[in-house]
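Here is a guided walk through a protein model, written for someone meeting structures early in their studies. Keep the picture in view as you read, and look up each residue as it comes along.

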Amino acid sequence: VSVEEVINAHKDGKLKEAFGVGTAATIAPISRIGYRGEDYHLTDFNDWEFALKAKSHLEAIKRGTIEDKFGWIRKIY
């Protein structure tokens, strides 16, 4: 996805959520995108739908409360 696509989606009201995903932070929400001297603000993370579902699901995999279908979790002895 290009930066221009992200900015155009924001301008068109189609960009609802933006975040990074990783093993440590799980979901790192992006509240503002700066591009070519303009700041584009996103809604509050607590109002998002997909990111919160993804965070909950990934946390459950990490904690072993749901099945790890992808083999991401490794037991270290």
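## The first hairpin

Let's begin with a pair of residues: G22 has T26 in strand β2 as its bridge partner. A quick note before going on: this is a predicted model. The strand β1 covers residues 19-22 and β2 covers residues 26-29; the two run antiparallel and are joined by 4 bridges. To get from β1 to β2, the chain passes through a hairpin of 3 residues.

## The second hairpin

Further along you will meet another antiparallel pair, in which β3 and strand β4 (residues 38-41) are held by 4 bridges. One residue to look for is R32, whose bridge partner in β4 is H41. The hairpin between β3 and β4 has 2 residues between the strands, and R36 in this turn has a positive phi of about 50 degrees.

Now look at the two sides of β3. In a regular strand, side chains alternate between the two faces of the sheet. Strand β3 (residues 32-35) has I33 and Y35 on its covered face, while R32 and G34 make up the uncovered one.

## Helix α2

Helix α2 takes in residues 50-63, which is 14 residues. From its first C-alpha to its last, α2 reaches 20 Å, close to the 20 Å expected at 1.5 Å a residue. Right after α2 comes G64, with a positive phi near 80 degrees.

Which residues of α2 are buried? They are A51, A54, L58, E59, A60 and I61. These buried residues of α2 pack against β1 and β2, the two strands joined by the 3-residue hairpin.

F50 also belongs to helix α2, but F50 is exposed, because its relative accessible area is 55% and the cut-off for exposed is over 50%. F50 and E17 are 33 residues apart along the chain, yet their C-alpha atoms are separated by 7.8 Å. If you leave aside the neighbours within four places in sequence, F50 is in contact with E17 and F19.

## Aromatic pairs

How many aromatic pairs does a search of the whole structure find? The search finds 3. One of them is F45 with W48: the ring centres are 5.3 Å apart and the planes stand at 75 degrees, so this pair is edge-to-face. Both partners are tucked away from the surface in the sense used here: F45 is buried with a relative accessible area of 18%, and W48 is buried with 4%.

Another pair, F70 and W72, is stacked, with 4.6 Å centre to centre and 20 degrees between the planes. Are these two buried or exposed? F70 is exposed, with a relative accessible area of 54%, whereas W72 counts as partly exposed at 49% relative accessibility.

## The largest pocket

Finally, find the largest pocket, which has a volume of about 170 Å³. Its lining is made by V21, G22, T23, T26, L58, I61, K62, W72 and I73. Some of these names should be familiar: G22 and T26 are the bridge partners from the start, and L58 and I61 are among the buried residues of α2.

Which elements give two or more residues to this lining? They are β1 and α2, and α2 gives the most, with 3 residues. W72, the partner of F70 in the stacked pair, lines the largest pocket as well.

Technical notes:
Residues are numbered from 1 along each chain as its sequence is written. This is a predicted model: local features need pLDDT of at least 70, side-chain atom pairs count only at pLDDT 80 or more; totals for chains, interfaces and linings use all residues. Side-chain values use heavy atoms; hydrogens and water are left out. Two strands pair if DSSP finds at least two bridges between them. Rings of Phe, Tyr and Trp (its six-membered ring) pair if their centres lie within 6.5 Å; planes under 30 degrees apart count as stacked, over 60 as edge-to-face and the rest as tilted. Buried means under 20% relative accessible area, exposed over 50%, partly exposed in between (1.4 Å probe, protein chains only). The expected span of a helix is 1.5 Å times one less than its number of residues. Contact means heavy atoms within 4.5 Å. On a 1 Å grid over the protein atoms alone, a cavity is a set of points where a 1.4 Å probe fits but cannot get out, and a pocket is an open set with protein on both sides within 12 Å along at least five of seven lines; lining residues have an atom within 4 Å of a point. Grid points are joined across faces, edges and corners, and a volume is the space filled by probe spheres set on the points.
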